[in-house]
Amino acid sequence: MEKLVITGPSRLSGEVSISGAKNSVLAILSGTLLVNGVCRIENIPDISDVDVIIDIIKSLGAKVSRPDSHSVLVDSTVIASTAPDYELVRRIRGSYYLIGSLLSRFHKAEIAMPGGCNFGTRPIDQHIKGFKALGASVDDSRGVIKAEASHLSGANIYLDKVSVGATINIMLASCLADGVTVIENAAREPHIVDMANFLNAMGANIRGAGTNTVKIKGVKEMRGGSYQIIPDQIEAGTFMIAAAATGGDVLIKNVIPKHMESLTAKLIEVGAKVTELDDAIRVEGTDHLRATNVLTMPYPGFPTDLQPQMVALLTKAQGVSVMVEGVWDNRFQYTDELIRMGAKINAAGKMATIESVPELYGAPVKATDLRGGAAVVIAGLMASGITEVTNTVFIDRGYERFEDKLRSLGAKIERVEE
Ligand code: UD1
């Protein structure tokens, strides 16, 4: 078991480059199963969730090679199984995208209910509603989802809830269906657009991704090609928040500033200076952060996946801040860890009230989940003394060389064996 040991406080300064988007890569690598040919994917983030999804698609028969740590070649011409290993699938949330891909190309899929971070109930009823509308029968009893169809036909599908996962899964399932599928009330996250661009590059016909109406015209076959994944909005946001929270001055490179607008607005509200460049953002912090209120929402709202990191910053923002979680039922488990470090947070249900403290103190804490892990690392950079973060496996699921990138910005952070 490993832990991160942080000696704070630190002011981050310098330049950091953002890796490819985690939530895109999981969908895109699952989507390679739709393709009767070879896909070359570039800007792959080197994170453990990618290793898991690659193991799963290999176990189904895809030939996968990694010419370097940021490129993957997948040849899914011959796929031998539509029932991936139960234990592997349960390790990551993104494995539910295999259902859409396998159903679309092979008309059947049998997959364990996916795992991932625990934010309360994580239903997939909207995914299933979409598969059924396309003509599949779906049985989701006993922890396994079995989907089957003799024929898939385009349909109009209205999502009762704006869901990233359901939007992408229905896009996948309808790529090879007969006729046109229309998804109404679709999610608009950057990785939805990335996914549609990838599928179109492989031969699909998808229009409207990034708006709330996505149209998929089924094609007979997808033949492969090359694609480069967009930068990770959440990794970029994590570094922006870390720069502001530590009173630092960081140039965050390889970002799409448009994707960061909700966070940029909030960082300016708390007193940081944010300068947008073509494909980079500079964040300059201050010693006098001000309190603010935040509500997480689907894109273009403030991302739920930046909520824990922002709460870490708000622990020292003068006044009382309120964070309302608008996406998940239970996403404040990590606040107990911040309280161990001296933060004053009262979290109940979907709301947390954060009263500023003059100082945080280093303490032994754990990563309760991926982004909660990033939040305690940021708090460790803000705190005086030594913070030890255990459960680093959560952080490694979504951040490439997190401690190396922070160290290059001047943080005193080491990974050690427990
Ligand atoms: C994805 C991200 C996750 C992020 C979330 C919201 C991946 C692998 N994960 O998760 O990091 O926090 O988007 O930006 O990309 N819902 C339903 N029924 C459904 C599906 C969703 O009620 O069938 C609800 C969920 O309970 C939640 C909301 O819709 O309250 C949003 O969920 P969704 O956008 O689907 O999240 P994920 O795709 O699972």
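Reader: Leaving aside its neighbours within four places in sequence, which residues is Ser174 in contact with?
Author: Happy to start there, and do keep in mind that this is a predicted model. Ser174 has its place in helix H6, which covers residues 164–174. Once neighbours within four places in sequence are set aside, the residues in contact with Ser174 are Ser104, Leu134, Thr181, Ile216 and Gly218.

Reader: Does Ser174 count as buried or exposed, and why?
Author: The term rests on relative accessible area, and buried means under 20%. Ser174 has a relative accessibility of 0%, so the word for Ser174 is buried.

Reader: Let's turn to the sheet. In what order do the 4 strands of the open sheet stand?
Author: Strands E4 and E13 stand at the edges, each with a single partner strand, so each has one side without a neighbour in the sheet. From one strand to the next, the twist averages 15°. The pairing is mixed, and the order is E4-E5-E3-E13.

Reader: In E5, which residue is the bridge partner of Lys63?
Author: Strand E4 spans residues 63–68. Its pairing with strand E5 (residues 71–75) is antiparallel and runs over 4 bridges. In E5, the bridge partner of Lys63 is Asp75.

Reader: At about what angle to E4 does helix H2 run?
Author: Helix H2 is made of residues 48–59. This helix lies across both E4 and E5, and its angle to E4 is about 145°.

Reader: Now for the ligand. How much of its area does the protein bury?
Author: There are 20 residues around the ligand, and the closest are Tyr96, Gln126, Ser163, Asp305 and Val327. Side-chain N or O atoms of Asp305 and Trp328 lie 2.6 Å and 3.0 Å, respectively, from an oxygen atom of the ligand. Taken alone, the ligand exposes 740 Å², and the part of that buried by the protein is 90%.

Reader: Which residue has a polar side-chain atom 2.8 Å from a nitrogen atom of the ligand?
Author: Here the ligand atom is a nitrogen. The polar side-chain atom at 2.8 Å from this nitrogen belongs to Asp125.

Reader: What do the buried residues of helix H9 pack against?
Author: In H9 (residues 261–270), the buried residues are Ser262, Leu263, Thr264, Lys266, Leu267 and Val270. They pack against two helices, H8 (233–245) and H10 (307–314), and against strands E15 (273–276), E16 (280–284) and E17 (293–295).

Reader: Which residue just after H9 takes a positive phi?
Author: Helix H9 covers residues 261–270. Just after this helix, a positive phi of about 115° is taken by Gly271.

Definitions and conventions
Residues are numbered from 1 along each chain as its sequence is written. This is a predicted model: local features need pLDDT of at least 70, side-chain atom pairs count only at pLDDT 80 or more; totals for chains, interfaces and linings use all residues. Side-chain values use heavy atoms; hydrogens and water are left out. Two strands pair if DSSP finds at least two bridges between them. Axes are lines fitted to C-alpha atoms, for helices over the stretch in contact, and angles run from 0 to 180 degrees between N-to-C directions. Contact means heavy atoms within 4.5 Å. A residue is near a molecule or strand if one of its heavy atoms lies within 4 Å of it. A polar contact is a pair of N or O atoms within 3.5 Å; within protein, one must be able to donate a hydrogen and the other to accept it, and residues adjacent in sequence count only if both atoms are side-chain atoms. Accessible areas come from the Shrake-Rupley method with a 1.4 Å probe; for residues, only the protein chains shown count as cover. Buried means under 20% relative accessible area, exposed over 50%, partly exposed in between (1.4 Å probe, protein chains only).
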